[in-house]
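The following exercises guide a reader through selected features of one protein model. Each task is followed by a solution in steps.

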Amino acid sequence: MLAFVSLAPALEPTTPLGSYGRQSWVMENGLPQNTVQAIAQTRDGFIWLGTEVGLVRFDGNSFVLFDQNSKPGLPGNDVRCLLATDDGALWIGTSDGLARWKDGSASTFTSANGLPVNSIRSMRQDQQGMVVVSTDHGQVGMQYTGGDIGINGMSIKPVPNDNPHGPPALYRVEIGNGARILVNRTALEVSEKERDQHWAVGKDLPGSRIQAAYADREGTLWIGTNGGLVRYSSGKIDRFPVTDPLATSSILSVMEDREGNIWVGTETGGLHILRDERFRIFGTRDGLSSDATTTVVEDNAGTLWVGTSGIGLDAITRDGTSISKVKTLEVKDGLSSDVILSLAAAPNGDLWVGTPDGLNRVRNGAVSSLTSADGLPDDFIRSLLVDADGSLWIGTRRGLAHWKNNLSQMDIFTQANGLGSDLVGAMARDTQGNLWIATLAGLSRIQGGPNPSISNFTAANGLSSNVITALLPRSNGTLLIGTQDHGWNLWDGQHFSPVANTGLNRTTIHAILDDERGHLWFATGNGIARCDCDMVGGCSHWMEFGPADGLRGRQMATNSHPSAWRSRDGWLWFATPKGLVAADPAHFPVNTVPPPVALVRFAADDVDLPLHGAEPLKVQAGHNHFQFDYAGLSYTAPQKVRYRFMLEGFDHQWTEAGARRSAYYTNIPPGQYIFRVQAANNDGVWNDEGAALAFTLQPHFYQTVWFYILLAALAAGLIVLLLRLRLLRAKRQFDAVLAERTRIAREVHDTLAQGYVGVSVQLEVLSELLRHNNAEAAIKHLDTARQHVREGLAEARQSIWALRSQDTGENTLPVKLRRATELANGNGIEATFSLYGAYRPMQQEMEREFLRVGQEAIHNVKKHAGASHLAVQLEYGPAEIALVVRDDGRGFEVNETADSPPGHYGLTGMRERAEAIGGTLEVASEPGFGTTVRLQVMTPKEARERSGE
């Protein structure tokens with residue numbers, strides 16, 4: 001027995017062998033070989049199989065084969081026996097030696113190391129922890145002595161045979177009541193309270209020899225022979241049905257896992273697992289007339305009545321977990337239809353049957369019929385309810401009928417006299433005596449006696465939906481209400497409230513049952529669900545069941561009442577299109593074992609990296625894609641195992657992975673990380689410890705701290721250098737401006753100032769001459785003053801020309817276009833000019849036409865566009881020169897054939913100017929999205945190269 005921290009109960013020993021849940025694997029679905037000679041489960045949760053082609057590891061979904069060529073390798077491929085020890089190691093006995101496997105490494109032992117021979121037959125671990133190895137030539141004991149775990153750290157010594165005078169025992173155990181069980185190759189012997197029992201192969205047991213034996217944790221003994229598998233419990237031998245493969249297969253190995261499942265290895269039939277079956281499915285193979293069941297109810301005699309969809313009505317009785325059909329009623333027996341929609345059992349033994357074609361009563365085997373001709377509002381009978389006074393409530397598509405006074409008076413309730421809707425579904429009477437009716441327009445309540453009052457409730461009163469599909473009154477006065485696509489609600493006697501956080505908020509509830517063991521059961525649109533529930537509606541620990549739990553499908557019976565029933569013995573019955581489903585809440589197995597989690601692969605850029613090692617795992621720099629494969633080792637329902645993972649150091653919270661068994665990360669930065677993964681079993685029990693893998697992603701040299709420090713130092717040096725260059729440039733500019741100012745001052749002093757002084761002198765002399773009426777001399781000095789003025793003006797112009805000559809672009813195209821653009825500013829227009837490329841002069845005529853086109857385009861924007869922004873751009877490219885004028889105005893429809901569209905009269909002239917200089921003019925515009933005018937001219941050199949000259 002493995003020393004697991006948490007163990008589940010063993011298989012229920014009273015379950016018939018043919019009724020256990022089953023699954024098998026052969027070579028066609030992944031098993032490397034159909035001969036399974038040994039089975040073991042190690043402490044980490046993996047299932048290991050010994051085959052003739054090697055050692056196989058199984059995680060519930062996939063098989064991995066290890067043989068002589070694996071790393072680590074085995075001494076031989078023929079694996080005959082396996083032993084999982086308390087320290088987590090796996091001992092592997094082969095025909096060519098012994099191996100001890102732990103943490104991904106193996107130690108090999110052969111006759112060269114002290115074994116009698118290399119052929120290993122069996123192994124066991126005694127109470128002192130010593131591994132006793134049986135070979136073809138005797139036994140040896142092997143025990144770890146410390147130091148190296150390999151050959152030098154192992155003590156090997158001979159061990160005497162435990163049964164020197166007879167065949168070796170396959171199995172010897174003492175069970176709790178003092179009984180002793182001995183199994184050898186030919187018989188099972190039990191000594192109990194001075195009574196000895198003996199079962200021999202070929203007589204009491206199948207086959208001719210016993211090949212395997214295993215006692216589970218409840219004391220049930222499983223015995224495998226070369227002619228089938230049997231079970232010994234409570235002094236009797238149970239066999240599988242003759243049609244079962246395990247009834248006749250040659251059984252080589254048997255083992256119980258930590259979840260209580262029984263594993264069986266066969267000689268030619270592969271690997272099998274036996275599980276406690278949560279649900280029993282009854283159908284045609286069990287005696288029912290059809291698998292398509294619609295409704296189910298139990299009468300006072302304990303007979304279970306099952307309606308079908310097309311084959312009538314079945315009456316069945318039960319004996320434990322088996323059923324027997326009493327009879328079937330069909331149209332030929334008096335039923336109105338073979339499609340059964342509703343059932344109700346009366347206290348007097350009558351059974352009421354609703355069909356699409358009328359109402360039937362079954363009394364003492366006789367069938368009578370009622371239809372709309374007898375006063376029913378409709379023949380389509382959707383639901384039935386027998387009241388305490390023997391009266392009958394009948395729900396139809398056209399209202400609700402109440403047949404009372406010994407079925408002599410019928411009252412009809414419809415939407416016209418207060419019912420919420422004429423389409424009536426489920427009905428229920430609560431402990432306060434209120435009758436609740438489910439409809440398509442909410443929930444109706446009928447109160448009172450001879451003159452009842454009707455109240456209607458909808459989503460406006462707190463219901464999550466107006467379409468009511470299921471009702472369940474409880475003993476504390478509350479009412480549970482199922483809806484279509486909106487989960488279920490609780491009526492507490494005063495208010496309706498949706499029950500949230502159940503996982504069923506978006507699900508249709510077809511039926512609700514209370515097992516009176518603290519659980520509520522739901523037939524839903526996704527199968528069957530169960531929760532732990534208190535009497536005030538608080539629910540926890542939700543479990544959902546589907547095909548992985550033994551159901552044939554997720555679909556439940558719909559639009560029939562009741563589609564689920566709790567019988568007097570506590571069993572729960574659910575009608576489905578694929579059989580009648582039964583569950584026993586008193587013996588309903590729940591998996592409470594948290595699943596071990598194992599990392600099975602870690603890869604960087606599709607290169608596998610070791611999962612075990614003495615040194616911390618380091619991943620070289622440069623890897624970008626990381627993959628983590630993991631497995632939750634639960635075998636009760638592997639397909640329902642759920643995962644969540646997190647990469648510490650990168651993620652801030654858990655990632656819910658569902659059933660996905662791989663995690664991927666891309667482009668994570670260098671650093672230290674821990675990948676953690678947790679798993680939950682089929683019943684939602686999480687292993688919060690999970691598995692973890694720590695690793696370090698090493699950085700490139702340019703991702704190290706010293707590189708960043710060096711980079712920061714270089715950046716600081718560059719900033720200092722740039723600042724110094726900027727200061728030098730500013731100093732040069734300042735020196736240049738200062739020199740220019742000095743030159744200007746000198747020019748003014750040497751020219752204008754001197755000229756003004758000369759003029760001033762001449763004017764003073766002229767004033768004196770005029771005062772003395774010396775006209776002739778005055779005229780001469782006036783001419784001199786004029787000459788000084790002309791000379792000063794010429795010198796001033798010369799100075800100004802000298803200043804302006806330093807700006808070579810005064811009369812260039814960019815300057816002229818800039819001025820034209822600046823003149824466009826104002827009156828709501830913001831105009832900007834941009835120059836790209838290095839200026840180079842063009843022919844005077846070409847520059848003039850460029851300027852005229854630009855002026856015309858700017859003029860059109862000001863006059864016609866209604867724009868708020870104008871952008872003029874002159875581009876000097878390596879092969880062409882282009883002028884672009886853009887605005888955000890009203891735009892217009894461009895007509896390639898017209899010279900000038902309405903409101904744009906300058907286009908014709910602009911095109912003509914472009915053609916005159918060998919350029920192209922493009923106009924792009926769209927109403928409401930502005931206009932763009934582009935003039936482009938090839939440079940003369942580029943034009944010659946493109947023309948082939």
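**Exercise 1.** Which residues form a nonpolar patch on the surface, and what is their accessible area together?

*Solution.* The structure is a predicted model. The nonpolar surface patch consists of Phe-701, Tyr-702, Trp-706, Tyr-708, Leu-710, Leu-711 and Leu-714. Together these residues have about 780 Å² of accessible area. As a next step, place one of them: Tyr-702 belongs to the loop between strand E61 (686-697) and helix H1 (705-771). The relative accessibility of Tyr-702 is 38%, so this residue counts as partly exposed. That value also fits the patch, for which a residue needs over 30% relative accessible area.

**Exercise 2.** Determine which residues form the positive surface patch, and identify the helices that supply at least two residues each.

*Solution.* The members of the positive patch are Lys-816, Arg-819, Arg-848 and Arg-852. At least two of its residues come from helix H3 (813-823), and at least two from helix H4 (844-865). Arg-852 is located in helix H4. With 33% relative accessibility, Arg-852 is classed as partly exposed, because that class lies between the limits of 20% and 50%.

**Exercise 3.** Is Thr-576 buried or exposed? Describe its surroundings as well.

*Solution.* Begin with the position: Thr-576 is part of strand E51 (residues 572-576). Its relative accessibility is 5%, and therefore Thr-576 counts as buried, the cut-off being under 20%. Next, consider the polar contacts of the side chain. The side chain of Thr-576 reaches the backbone nitrogen of Lys-578 at 3.1 Å. A polar atom of the Thr-576 side chain also lies 2.5 Å from the backbone oxygen of Gly-579. Finally, look along the chain: Thr-308 is 268 residues apart from Thr-576, yet the C-alpha atoms of the two are separated by 9.5 Å.

**Exercise 4.** Locate the cis peptide bonds that precede Pro-72 and Pro-562, and state the omega angle of each.

*Solution.* For Pro-72, the cis bond is the one with Lys-71, and omega is about 0°. Pro-72 sits in the loop between strand E5 (63-66) and strand E6 (79-84). For Pro-562, the cis bond comes from His-561, with omega near -10°. Pro-562 is placed in the loop between strand E49 (539-545) and strand E50 (564-566).

**Exercise 5.** Examine the backbone angle phi of Asn-364 and Glu-516, then establish where each residue lies and how exposed it is.

*Solution.* Take Asn-364 to begin with. Its phi is near 55°, a positive value in a residue that is not glycine. Asn-364 occupies the loop between strand E32 (358-363) and strand E33 (366-370). Asn-364 is exposed, because its relative accessible area is 80% and the class requires over 50%.

Glu-516 is treated likewise. Although Glu-516 is not a glycine, its phi is positive, at about 60°. The residue lies in the loop between strand E46 (509-514) and strand E47 (519-524). A relative accessible area of 62% makes Glu-516 exposed.

Conventions. Residues numbered from 1 in each chain as written. Predicted model: local features only at pLDDT ≥ 70, side-chain atom pairs only at ≥ 80, totals over all residues. Heavy atoms only, no water. Patch = residues over 30% accessible without salt bridge, like charges linked within 9 Å, V, L, I, M, F, W, Y side chains within 5 Å. Areas by Shrake-Rupley, 256 points an atom, 1.4 Å probe, with all protein chains shown as cover. Salt bridge = Lys/Arg side-chain N within 4 Å of Asp/Glu carboxyl O. Lys, Arg positive; Asp, Glu negative; His and termini not counted. Charge placed at Lys NZ, Arg CZ, Asp CG, Glu CD. Helix = DSSP H or I, 4+ residues; strand = E, 2+ residues; numbered from the N terminus. Buried < 20%, exposed > 50% of the residue type's maximum accessible area, 1.4 Å probe, protein only. Polar contact = N/O pair within 3.5 Å; in protein donor to acceptor, adjacent residues only side chain to side chain.
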